[in-house]
Amino acid sequence: DIPSYKSLPIRSDAPTGSAWGVFDKDGVRDVYGTLNFITRKAVVAAREEIQTGESVVLNLPLDEPSDPCPGRRPMKHEVYSRVHGMVCSDDDLHLNTQSSSQWDGLLHYANQSLEKYYNGVDYVDAIESRTDQSLGIQALSERGGVAARGVLLDFVRYAGKHSIDYDVFSNFPISLDHIKEMITDQGLRICPGDILIIRTGLSKGIRESDPRVKGFWDRGTHIGVDPTPELIEWIWDQNLAAVASDAVAFECIPASDNSRMRLHEACLAGFGMPIGELFDLEALAALAEKNQRWSFFLTVCPLNVRGGVATIANTMAIF
Ligand code: UVW
């Protein structure tokens, strides 16, 4: 009995197209959003995806990209040697959770006019006074982490096949039609509770130290899906648990209508759907191509930080 996008919202105080209240149970306000689509049955079914036993980690090295989004400090790593006077070492990490491969949690982006997060949690309570940490990233650990079926749509492969010439350092918009055609081309089916991953090719540029990675923040144009109303409706109606890509923000910036971050507002604040960004999809794509299979078992073990806004990706795919 999940309402279709056209039936949203179900609460009169909720923004247009939001899922506030959809997953509440017995008067208890939900904090897991679309992760509720990953039922136990869906996890058990997803184990069918494990066939060869090959696994691949989707995290970039934590110090990549070396030039993170402005305002985000790159990771600092210090090693302490001869701790306690023994041949024994510790290390300290100072990092912004969004400077490398990451999952945006539900406290990352609010509905901008209401200044409220998913399910109506208020910005002041969650971030300024810290009196309501219910949507913090710790919630993912409390629910037992994330294990699900993952599907990869490989736009690099698709563009090669269809002779689409695109610049991965521009705001090239990946459209809903592209997505549907990739699903057909790759012989995929999308199931409720799936985590949908789109490879744009940006992680190839980052891994290969493409000089254009430096300064791409100054250019301010970022590849990703074009967040049209039709695309947002499609994402909800697939009952996806989460979306991710190797792009900076999953959505292109600016979008084809010049808007910015509309998908962040719709997914994070509206649906309660985590967004994965800056994933390293190169080894995943190679393995998928070798096996000619673009679905896999996916696990995420998020940082357990009370009231945290995001987490380093800690994501792994198993074929
Ligand atoms: C951008 O950096 C543009 O996106 P996010 O804040 O989600 O990382």
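Reader: When do two residues count as being in contact, and what share of contacts between residues at least 6 apart in sequence join residues at least 24 apart?

Author: Two residues are in contact if their C-beta atoms, placed from the backbone, lie within 7 Å. The model examined here is predicted. Among its contacts between residues at least 6 apart in sequence, the share joining residues at least 24 apart is 77%.

Reader: What radius of gyration does the protein have, and with which expected value does it agree?

Author: The C-alpha atoms fill a box of roughly 60 × 50 × 45 Å along the principal axes. Because the protein has 319 residues, a compact globule would be expected to have a radius of gyration near 20 Å. The value for the protein agrees with this, at 19 Å.

Reader: Which residues surround the ligand, and how do the residues of this shell divide by character?

Author: The ligand is surrounded by Cys69, Gln98, Asp104, Val248, Ala249, Ile253 and Glu277. Cys counts as nonpolar, as do Val, Ala and Ile, while Asp and Glu count as charged. The shell therefore divides into four nonpolar, one polar and two charged residues.

Reader: Which residue that surrounds the ligand is joined to a proline by a cis peptide bond?

Author: The proline concerned is Pro254, found in the loop between strand E9 (242-245) and helix H9 (262-271). Omega of the cis bond is about -10 degrees. The partner of Pro254 in this bond is Ile253, and the ligand has among its surrounding residues Ile253.

Reader: Are the buried residues of helix H10 on the same side or on opposite sides of the helix?

Author: In H10 (residues 282-291), the buried residues are Glu282, Leu284, Ala285 and Ala288. They cover an arc of only 165 degrees around the axis, so they lie on the same side of H10. Ala286 and Lys290 are exposed on the other side. The arrangement of the buried residues is thus the same side.

Reader: Which strand covers buried residues of H10 and also pairs with strand E11?

Author: The elements covering the buried residues of H10 include helix H4 (155-161), helix H6 (202-207) and strand E13 (315-318). Four bridges join E11 (residues 295-300) to a strand that runs antiparallel to E11, and Thr299 stands opposite Met316 in that strand. The strand is E13.

Reader: What is the bridge partner of Val56 in E13?

Author: E1 and E13 pair in the antiparallel sense over three bridges. E13 has an uncovered face with Met316 and Ile318, and a covered face with Thr315 and Ala317. The bridge partner of Val56 is Ala317.

Reader: Is Leu278 buried or exposed?

Author: Leu278 is found in the loop between strand E10 (275-277) and H10. Its phi is positive, about 55 degrees, although Leu278 is not a glycine. A residue with 20 or more other C-beta atoms within 10 Å of its own is buried. Because Leu278 has 28 such neighbours, this residue counts as buried.

Reader: Which burial class does Asn314 fall into?

Author: Asn314 is found in the loop between strand E12 (310-312) and E13, and its phi is positive, near 40 degrees. A residue is exposed with 12 or fewer C-beta neighbours inside 10 Å and buried with 20 or more. Asn314 has 18, so the class is partly exposed.

Methods: Residues numbered from 1 in each chain as written. Predicted model: local features only at pLDDT ≥ 70, side-chain atom pairs only at ≥ 80, totals over all residues. Near = placed C-beta within 6 Å. Helix = DSSP H or I, 4+ residues; strand = E, 2+ residues; numbered from the N terminus. Arc of directions from axis to C-beta. Pairing = 2+ DSSP bridges. Rg over C-alpha atoms; globule rule 2.2 N^0.38 Å.
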